[in-house]
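Good morning, and thank you for the time on the agenda. I would like to take you through the packing and the charge pairs of one model.

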Amino acid sequence: MRFNGILSILFIVLAFEGFAQSGTLKGRVYNIKNNSPIPFANLIIDGTTIGAVSDPDGNFEFDGLIPDFVRVTASSVGFEKVTTEEIHVSNSKTVFLDIAMKEQTVELGNVEIKASPFKRVEESPVSLRSLGISEIEKSPGANRDISKVIQSLPGVASSVSFRNDVIVRGGGPAENKFLLDGMEIPNLNHFATQGASGGPVGIINTDFLRDVDFYSGSFPASRGNTLSSVLDMKLIDGNPDKIVYRATLGASETAFSANGPINKKTNFLFSVRRSYLQFLFSAIGLPFLPTFNDYMFKVKTKFNVKNELTIISLGALDKMKLNTGINNPTEDQQYILDYLPVNNQWNYAIGAIYRHYRENSYGTFVISRNMLNNEEFKFEKNLDSDPSKLNLKYVSQEIENKFRYEEVARFNGYKLTYGAGSEFSKYSNNTFEKVFIPNATDTVTAIRFDSALKFIKWNIFAQVSRSYLEERLSLSLGARMDANSYSNSMNNLLRQFSPRFSASYTLTDKLLLNFNVGRYYQLPSYTMLGYRDADGELKNKSNKIKYIQADHLVAGLEYRRKPNSRITLEGFYKWYSHYPFSVKDSVSLASKPADFGVYGNEEVVSTVKGKAYGAELYIKDKIMNFVDLTVSYSWVHSYSEDKLGKFIPSAWDNHHILNITAFSSLKKNWEIGMKWRYVGGAPYTPYDINRSTLIAAWNVQGQGYLDYNRYNSERLKAFQQLDLRVDKEYFFKKWSLNIYLDIQNVYNFKADGAPNLVLQRDLNGNPVINPEDASRYEVKYLKNVSGTVLPTIGIIVEI
């Protein structure tokens with residue numbers, strides 16, 4: 001069928017508004033401390049008068065609901081009223097929602113407690129934001145990529161390049177932790193930067209996300225090995241009634257997913273995705289052709305009301321090749337072809353989460369394994385048929401086998417969380433790399449080493465929380481200790497003693513004062529731990545590398561003018577110590593991870609200090625009862641020490657970050673959204689022209705060398721962008737159709753990046769040699785401008 005025929009059929013389908021369809025919502029209300037059912041709880045669809053009551057087993061059902069994103073408010077005698085996260089009601093399937101309720105510990109008499117959809121936990125009264133499914137799926141400009149969605153939250157910065165680095169409160173992209181249903185996952189992106197968090201496209205299929213909790217500080221004691229953020233993602237359960245299928249055609253990939261029952265006690269989720277970027281990039285003449293594939297599945301078995309087992313896995317296969325067949329490449333294309341290595345990698349994570357409920361507590365056992373295989377190679381002038389032209393060959397693997405036990409108990413008004421974990425880690429690295437050594441002879445030498453590591457990590461943690469003064473004052477005190485067998489400098493738990501304390505006081509029924517102070521530790525990346533010198537010595541072990549330390553202080557006010565409105569103002573200060581310092585470049589690694597490839601594969605010493613501070617304003621409200629408005633503003637400064645011990649701006653010193661996001665649901669299932677983003681200019685380092693022009697130096701790297709004596713001495717201009725998204729949903733008898741138009745950078749803003757240093761070339765495309773010095777190339781600066789209007793049409797079919 002010709003393309004115009006397909007369009008004709010599509011427009012005929014769109015001409016119909018669909019039949020008048022309704023959806024069904026079922027679920028269960030239970031006690032959070034022991035999973036026992038709560039009978040005769042009152043439930044209401046938030047913002048309506050539609051209600052239901054749970055049966056003796058805690059089950060409830062709503063029929064005849066208009067398809068939409070809804071919340072449910074539940075109340076019961078002796079329990080705190082709760083409003084759930086958003087859930088999408090559709091005619092194509094019955095939707096299921098389990099609602100956890102917390103027992104009231106204080107008799108409040110005739111005082112009315114109003115439920116709020118904004119999550120509050122005792123351990124983290126500040127720096128915790130939650131995202132619902134509508135914000136994730138329909139965020140303008142994000143293309144259903146969770147790494148881009150969280151960039152709208154306060155404190156989260158972004159770059160203007162096509163990357164998903166998670167940069168939080170002036171911290172680097174290597175300072176974050178990710179969890180999926182309680183299982184740690186090492187990678188959030190395809191083509192991930194090994195040792196950090198970056199990459200161009202997210203690995204998580206948002207079809208299965210239920211909600212997301214994002215911590216930019218105030219980390220619970222159960223979450224360790226992080227300095228800047230924790231991204232805690234929860235998945236839906238499979239549909240227990242029937243199998244539901246979903247097909248998605250998005251901006252960069254096609255996806256297929258299914259979820260449903262296996263038997264009465266077991267359900268499943270499964271998805272696969274494959275990109276078509278390689279065809280699009282080739283058609284428009286881009287110099288690199290990436291292909292990514294991923295899968296995700298979840299199987300959950302509820303043996304009985306006290307025992308359940310969940311098995312989760314996700315993985316990715318990423319391949320990239322250079323588009324060397326471009327005829328007469330432009331200077332921009334040639335620049336990328338000259339320096340960009342070929343990168344192929346695969347990774348997976350798989351784990352089992354077993355949960356057992358007791359009368360006043362529940363225990364969680366998590367066993368998991370994850371593995372990353374990363375390969376890079378680069379030939380001078382891309383002459384891969386000539387072995388002598390090989391400049392880089394890197395093959396590395398990371399394997400982690402993890403166990404964690406966590407107990408959560410509630411008694412006499414106290415909440416106690418405690419547990420322990422262990423991990424067996426393996427790392428290997430085979431490196432061949434030509435490097436230019438600036439000295440009297442300006443020589444090129446080859447670095448060769450094979451490295452293999454095996455070591456054990458262990459940790460213990462505990463946290464106790466309680467409310468006082470009739471629930472007006474909440475206090476939480478926790479501690480954590482981590483250690484490992486890598487070296488004597490890190491094998492003592494007491495050296496990584498990590499205390500934390502939180503407090504929240506309700507000043508009025510609408511105003512709260514919140515506070516947190518804590519110390520956090522993170523193990524340096526495997527690339528640093530496994531680096532060896534020419535003699536095969538683990539150089540950074542000899543340098544007594546340490547855990548990186550960060551001390552956080554956060555305080556803020558929270559104002560709720562009504563239950564579904566929230567305004568927070570927070571100030572933060574972060575002190576860093578023992579940060580790795582590059583011996584080769586004499587700079588802190590705090591600013592180096594935001595690039596493709598590998599982070600930390602070099603000699604370092606744990607000597608650098610750093611600091612970041614700022615303030616954040618967050619507004620989430622409903623305007624005129626039909627516009628959902630979210631505003632986040634961050635004022636942030638970030639510094640690290642240079643080789644002289646002087647504080648200089650880090651690469652994440654953006655100063656100002658502003659996001660304004662608005663959604664509106666219109667009649668006949670139309671939705672429209674917009675997001676405007678402003679990011680202050682980041683510092684950058686100019687090139688070392690004297691070193692870069694040397695032919696021997698240029699040929700081994702394919703690009704210029706940064707002048708680290710002028711580290712981050714220049715600053716880019718500010719970046720801004722407006723994104724729009726329009727959704728239209730159609731509901732038919734047994735299926736639904738969602739068509740959306742997403743337009744990024746609507747007014748075509750051109751963002752300036754750091755200028756690229758390129759070779760001057762003659763009419764035949766050959767590099768020009770300096771006529772006065774035959775050992776040097778002639779170079780010039782090439783303006784680095786990015787930004788174009790990028791429209792995307794997406795189609796989602798659910799059956």
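Let us begin at Leu314 in this predicted model. Setting aside neighbours within four places in sequence, Leu314 is in contact with Leu180, Met183, Ile185, Ile203 and Ile204, and also with Tyr295, Met296, Asn347, Tyr348 and Ala349.

Leu314 belongs to the largest nonpolar core, which has 35 residues. Which of its members touch the most others? They are Ile146, Ile185, Ile204, Leu209, Leu231, Met233 and Leu314 itself. At least two residues of this core come from each of the helices α2 (133–137) and α3 (146–149). The same holds for each of the strands β13 (176–180), β14 (183–185), β17 (209–215), β18 (229–235), β23 (307–322) and β24 (342–357). A second core, separate from this one, has 34 residues, among them Ala196, Tyr394, Phe455 and Ile548. As general background, nonpolar side chains in soluble globular proteins tend to be buried together.

I turn now to the charged side chains. How many salt bridges does the structure hold? The count is 52, and I shall discuss three pairs and one network.

In the first pair I have chosen, Lys102 and Glu122 meet through their side chains, at 2.9 Å from N to O. Both residues lie in the loop between β9 (94–101) and β10 (128–131), so this salt bridge ties together parts that are 20 residues apart in sequence. Are the two partners buried or exposed? Lys102 counts as partly exposed because its relative accessibility is 25%, whereas Glu122, at 15%, counts as buried.

Next, Arg246 and Glu137 form a salt bridge at 3.2 Å, again N to O. This pair links distant parts of the chain: Arg246 sits in strand β19 (residues 244–249) and Glu137 in helix α2, 109 residues apart. Helix α2 has already appeared as a contributor to the largest core. Arg246 is buried, with a relative accessible area of 11%, and Glu137 is buried as well, at 7%.

The remaining pair joins Glu406 and Arg404, whose closest N and O atoms are 3.5 Å apart. Glu406 counts as buried at 12% relative accessibility, and Arg404 counts as buried at 11%.

Finally, the network. Which residues are joined by salt bridges that share partners? Glu85, Lys119, Arg210, Asp211, Asp213, Asp232 and Lys234 form one such network.

Thank you; I would be glad to take questions.

Conventions
Residues numbered from 1 in each chain as written. Predicted model: local features only at pLDDT ≥ 70, side-chain atom pairs only at ≥ 80, totals over all residues. Heavy atoms only, no water. Core = buried A, V, L, I, M, F, W, Y, C linked by side-chain atoms within 4.5 Å. Buried < 20%, exposed > 50% of the residue type's maximum accessible area, 1.4 Å probe, protein only. Helix = DSSP H or I, 4+ residues; strand = E, 2+ residues; numbered from the N terminus. Contact = heavy atoms within 4.5 Å. Salt bridge = Lys/Arg side-chain N within 4 Å of Asp/Glu carboxyl O.
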